[in-house]
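Hello,

Here is the structure I promised to pass on to you. Have a look at it first, and then read on for what turned up.

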Amino acid sequence: MTAVAVDSLDALRDAVRANARVRPVGAGTKPALSAPPRDDVTSLDVSGLRGIVEYDAAELTLTARAGTPVAELEEALAAHGQYLPFDPPLAGAGATLGGVVASGTSGPGAFHYGTVRDFVIGVRFVDGTGELVAGGGRVVKNAAGFDLPKLMVGSLGRLGVLAEVTLKVFPRPAASTTVAFELGGLDAALAAIARLARGPLELDALDLEPPGRVLARIAGDADGLPARAARLAAALDAPGATLAPGAAAASWRAAAELSWIPAGARAVRVATTAREVPALQAALVAAGAQARYGNAANVAWVAWPDAQPLARLDEALGALHLAGTALTGPPAAALLGARRGGAFAARLRAALDPDNRFADEETI
Amino acid sequence: MSAAGDPERALLAAVRAPALGLGERVLTSPAELAAFGSDALTAFHERPLAVVLAERADEVVAVVRACHREGVPFVARGSGTSLSGGSLPIAGGIVIALNRMNRVLSVDPDTCTAVVEPGAINLHVSAAARSHGLAYAPDPSSQSVCTIGGNLAFNSGGAHCLRHGMTANHVLGIRAVLPDGELVELGGASREPVGPDLTGMFCGSEGLFGIALEVTLRLVPIAEATHTALASYDSLELAGEAVARVVAAGMLPVAMEIMDALAIEAAEASVRPGYPPAAALLIVELEGERDVVAADAARLRALLDASGASAVRTTEDPGERALIWKGRKSAFSAVGWLAPDYIVQDGVVPRTRLGEALAEIGRMSAATGIRVANVFHAGDGNLHPLILFDGREPGALERAERLAGEILRMCVLLGGSITGEHGVGVEKRDYMELMFAPEDLALMRRVRAAVDPAELANPGKMLPPRAEAAA
């Protein structure tokens, strides 16, 4: 296996041009997507391409090199009372900005203001022809040209290598409180999630630990939180319990860091809606897999046992018309289950990567 | 007008084929076509070969396939409200009118989504969702007439983007026909898509990737409380500084809008919103949970009182709020009271450079003697200078266009964009080279060529003309 590390945009461009097969990697927190699957694929390490390029707190935007650890961005933002509302996952493990964008992953906070796709406003990346190109811009509102920043979200390193990303950022709430509801079963929990998601209480995160535990987080000025938490706890027929601050923080950290996933299982992310959760959960339980659901049951985080072939999950997701991505474990096909986009996806790939430099040839 | 050639004749025969059943919904008489010659950018008009009034998705697909077979260009059209000439017909091409495909097909309160046809009116989506306590957030000023298909194609914004984002942030799934008639499913109903964001890429593509046939939208809960503040200032600069203070205080209003004296005068002359006379008016709106809005409203009031405002008025009354927004949203048409013609621009500047940008526009206006009214989304730096002129004066349109171009150039120089929410269309494609490097535009052209090799889907929009690009 060959590996190349780059620390400048020129070096990145040269490395892409010099290698017929390339798989970009940042901190390697999602190795199923970033580890080279075969000896003839060059591992392109962009973790040296780091640093904040521009951050003006009054502007509520931040531009950084793709290899910058998310934790470094969060620290810089926190110093000005700001944050990334989509809670990038695996930040504690060292996840980089480029890896978060390319994997299209968001954490619990995505429920409130949106996922990573809603915060990426500009990108620079090296396409499959070895050209450094830009899309979007550095202002929060921009409708000029094709939306390449969005296309790069979830591109999984298969359409180009991210070099720089501009994000929209928001003021950080001063404090948060979490209320837990024990609903006794999956159907009741999903009904509770649907009800809470429709307001009127403005939740910061809404997660489901199957079968029946719902976690709702509210955020804002510390003064107002106790009364708001009391109102939230009384919002459903089943009373909620306010978690102790330490327990709440630990629970959300475990969700964002995927640290609840046991040894002997790999993390897989699956796009869902509340309607599809019962069938998915049944298939997972049948395979001995655990799951946790985030963003009002719009995403499943699956702990898929190593003892089970990934092909079984691929099949199960396909049968349910769901799509997923393996994040950890050995290199895997980028997409599991139902593949959407057909001719549109194929044509975009042909335009961005005509020589199949970033192609996904892994079998499941 | 030249006589119809062979491809045109063959295409007309194809869309008139009895099996397709379009019958009288294929318009070709000059009188019928005249109504479709322009969109809201009335300085441009073209005569299409025919207009097809589609009522079903399969009809749209059949017409696109016929266009592909015969090599005839086409453009989809909703209500024709594009301010960038995005739905301007292609001379000798087909206009596929989608306003009859206007149904909200379903609203799912359990997933907070709606599925709609492309011709559904923006405001009708919220109306259909209201009984579930839900709404569709993006609110272009033309929301009572503009369609979701057009919003999607141009990634439209609105006054409340500051908090809610633009159209692309609210489109989850698209069923579309590509320019060669191929059908694709992009995204779905989940807010956490897997794989490249193809839905996001299709949004804002200005019709160059084909036509959306069915759209899955994200709905948001109707806010429990809404608080609107109206502050008057003796100068635009003071109003701009107040916006900076709100941002610096860590507040996140849903909207922050500024209107200058000329825009206030126009609004008062037309819809009489009862604005106080001022050099500048700032509208700030808060929405959310009852107790949070109440606390934020008190903080906002203190900030505005300390910001040098000559008067501050607040309301939580829906009727009064509606009137305030009616004045703001009618500002474009209202300047018709001040001058026979106007150009509206849509440039964006970094929000910290708003004051600089406005001062510069003021200088340009004074130097050219051309009146400019300003209404803008101050919270996100999106300017809408309204350049007033009288088209009957020789050279007046050209002078106004020159000034509009200078304003866009300034926006890019300040680090912004040539368009925040109206799209490039036919109007601003010559300015794309200000924003993007040759290699960026080359990639966009390569993408376009891969998706639509024959360049039949809305050619002549967004991408700058080839000859200039080659130079």
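**Between the two chains**

Between chain A and chain B, 15 salt bridges are counted. Please keep in mind that this is a predicted model. One of these salt bridges pairs the side chains of A:R228 and B:E289, with 2.9 Å from N to O. Polar contacts between chain A and chain B come to 29 residue pairs, both residues being at pLDDT 80 or more.

Which element of chain A gives the most residues to the side that touches chain B? That is helix α12 of chain A, residues 342-352, which supplies 7 residues. By residue type, the side of chain A that touches chain B divides into 36 nonpolar, 18 polar and 19 charged residues.

As for the extent of the interface, 73 residues of chain A are in contact with 90 residues of chain B. The size of an interface is often given as the accessible area lost when the parts come together. Here chain A and chain B bury about 6,700 Å² between them, and 58% of that lies on carbon and sulfur atoms. On the chain A side, the residues that lose the most area to chain B are A:K141, A:F146 and A:F344, which together make up 15% of what that side buries.

**The parallel sheet in chain A**

Now to the strands. In chain A, 3 strands form an open sheet, ordered β1-β3-β2, with parallel pairing. Why is one side of β1 and of β2 left without a neighbour in the sheet? Both β1 (3-5) and β2 (22-25) of chain A stand at the edges and have a single partner strand each, so one side of each stays free of a neighbour in the sheet. On average, neighbouring strands of this sheet are turned by 25° against each other, direction ignored.

Strand β2(A) runs parallel to β3 of chain A (residues 42-45), and 4 bridges join the two. If you would like a place to start looking, A:V22 has A:T42 in β3(A) as its bridge partner.

**A hairpin in chain A**

Strands β4 (residues 52-56) and β5 (residues 61-65) of chain A pair in the antiparallel sense, over 4 bridges. Within this pair, A:I52 is matched with its bridge partner A:A64 in β5(A). The hairpin of β4(A) and β5(A) has 4 residues between the strands, and in this hairpin A:L60 takes a positive phi near 55°.

Happy browsing, and best wishes!

Methods:
Residues numbered from 1 in each chain as written. Chains lettered and ligands numbered in written order. Predicted model: local features only at pLDDT ≥ 70, side-chain atom pairs only at ≥ 80, totals over all residues. Heavy atoms only, no water. Pairing = 2+ DSSP bridges. Axes fitted to C-alpha atoms, helices over the stretch in contact; angles between N-to-C directions. Contact = heavy atoms within 4.5 Å. Buried area = accessible area lost by both parts, 1.4 Å probe. Salt bridge = Lys/Arg side-chain N within 4 Å of Asp/Glu carboxyl O. Polar contact = N/O pair within 3.5 Å; in protein donor to acceptor, adjacent residues only side chain to side chain. Nonpolar A, V, L, I, M, F, W, Y, C, P; charged D, E, K, R; others polar.
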